[in-house]
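I open this notebook to record what I looked up in the structure. The entries follow the order in which I consulted it.

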Amino acid sequence: MIDLHTHTDESDGTFSPKELIEEARRVGLQALAITDHDTFAGYDLAVPHAERCGVELICGIEVSTKYSGHSIHLLAYFLRRVPSHEFRKWITSLQTSRQRRNEALVQKLCSRGVPITLEDVKASGRKVIARPHFASVLVERGYAISREDAFERYLDEGASCFVAREEPTFDEAIGQIRTSDALAVLPHPGRLNVTQEQMETMVREMCDLGLVGIEAYHSDHSRAQMEYYSSMSRKCGIAITGGSDFHGATKPDIALGTGIGGNLNTPYALLDELRQLR
Ligand code: AMP
Ligand code: FE
Ligand code: FE
Ligand code: ZN
């Protein structure tokens, strides 16, 4: 069993890189990819722990992009070489746009009677501050009764304080990934609110731009969705991947490797296929 989609507390997960590696060993993962939002800090810190624990660790990252009006995430896997200096610089620029969004989000919350500061939010996270950190503070301060409530009332797209982030276009992001000789994979396609026909058109366009895999196995997907996205990958001639999208305590139903209710168990053979892509 492998898990190619996980987050540490360097982005919006709650496990430290060391704890995540130890959990990977505990559940018997053969390979683990750390795919934090907009940072390699979790991966970088995990490397010595993975060596010590004998866990095969893969360098990855998850970025948010804009694709014809949709917000689409992209995973990048550095299976062939480590991220270049240029790629790391590009990632730093994404962190800057996130910081600007976070500042605007604090202002909007304050203007709507929720007086929190950026320092309050930063205290609940590390390298990358994301909306789940805001949700934690809103719950702690009694402005929401749960994290879901915090998203519904303040943070979700369409909620009262939502602030859109400047995101790179899908084309720009996949270009950066390919230039760095990394592999671009579409995570959790089941979250996209489109028809099957639109989905197929989109995936074909993405393949033309350089997409090499679809995350058919994901905690959000039903068995039928896993089969649907697997056969779509096969039809398009691209790889099938799988990951739990483990975040630790903020998404407590999701277990590392096995997802929700033991449904995942991505086989190691899929990682071999990803490695053999040309
Ligand atoms: P950000 O990148 O700062 O916009 O935050 C996005 C992250 O927030 C996602 O990766 C999810 O982990 C989390 N998230 C987004 N929407 C929700 C929601 N409705 N409920 C809980 N978590 C969410
Ligand atoms: Fe997340
Ligand atoms: Fe995602
Ligand atoms: Zn993720």
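**Entry 1: the metal ions.** How far apart are the iron ion (ligand 2) and the iron ion (ligand 3)? I worked on a predicted model throughout, and in it the two ions are 5.8 Å apart. I then looked up the protein donors of the iron ion (ligand 2) and found D12 (OD), H37 (NE2) and H247 (NE2), lying 2.2 Å from the metal. Along the sequence I noted these donor residues as D-x24-H-x209-H. H37 sits in the loop between β2 (31–34) and α2, whereas H247 sits in the loop between β7 (239–243) and α10 (269–276), so this pair ties together parts that are 210 residues apart in sequence.

**Entry 2: burial of the two histidines.** I checked whether the histidine donors of the iron ion (ligand 2) are buried or exposed. H37 has a relative accessibility of 11% and therefore counts as buried. H247 is also buried, with a relative accessible area of 3%.

**Entry 3: the zinc site.** I next asked which residues coordinate the zinc ion (ligand 4). They are H5 (NE2), H7 (NE2), E62 (OE) and D245 (OD), at 2.1 to 2.3 Å. I recorded their sequence spacing as H-x1-H-x54-E-x182-D. The angles among the four donor atoms run from 78 to 173°, and the site is irregular. I also looked up the burial of H5 and H7 and found both buried. The zinc ion (ligand 4) lies 4.7 Å from the iron ion (ligand 2).

**Entry 4: helices α1 and α2.** I turned to the packing of helix α1 (residues 17–27) with helix α2 (residues 41–53), whose axes come within 8 Å and cross at roughly 40°. That angle is why I enter α1 as oblique to α2. The crossing of α1 past α2 is right-handed. On the α1 side, I listed P17, K18, I21, E22 and R25 as the residues in contact. Their counterparts in α2 are G42, L45, A46, H49, A50, R52 and C53.

**Entry 5: residue Q95.** Finally, I located Q95 in helix α3 (residues 85–111). Is Q95 buried or exposed? I entered Q95 as buried because its relative accessibility is 13%, and the cut-off for that class is under 20%. Leaving aside residues up to four places away in sequence, I found that Q95 touches D38, T39, K127 and V128.

Notes. Residues numbered from 1 in each chain as written. Chains lettered and ligands numbered in written order. Predicted model: local features only at pLDDT ≥ 70, side-chain atom pairs only at ≥ 80, totals over all residues. Heavy atoms only, no water. Donors = N, O, S within 2.8 Å, 3.2 Å for Na, K, Ca; no water. Tetrahedral: all angles 85-135°; square planar, octahedral: opposite > 155°, others 65-115°. Buried < 20%, exposed > 50% of the residue type's maximum accessible area, 1.4 Å probe, protein only. Axes fitted to C-alpha atoms, helices over the stretch in contact; angles between N-to-C directions. Helix = DSSP H or I, 4+ residues; strand = E, 2+ residues; numbered from the N terminus. Parallel < 35°, antiparallel > 145°, perpendicular 65-115°, else oblique. Left-handed = near helix turned anticlockwise from the far one by under 90°. Contact = heavy atoms within 4.5 Å.
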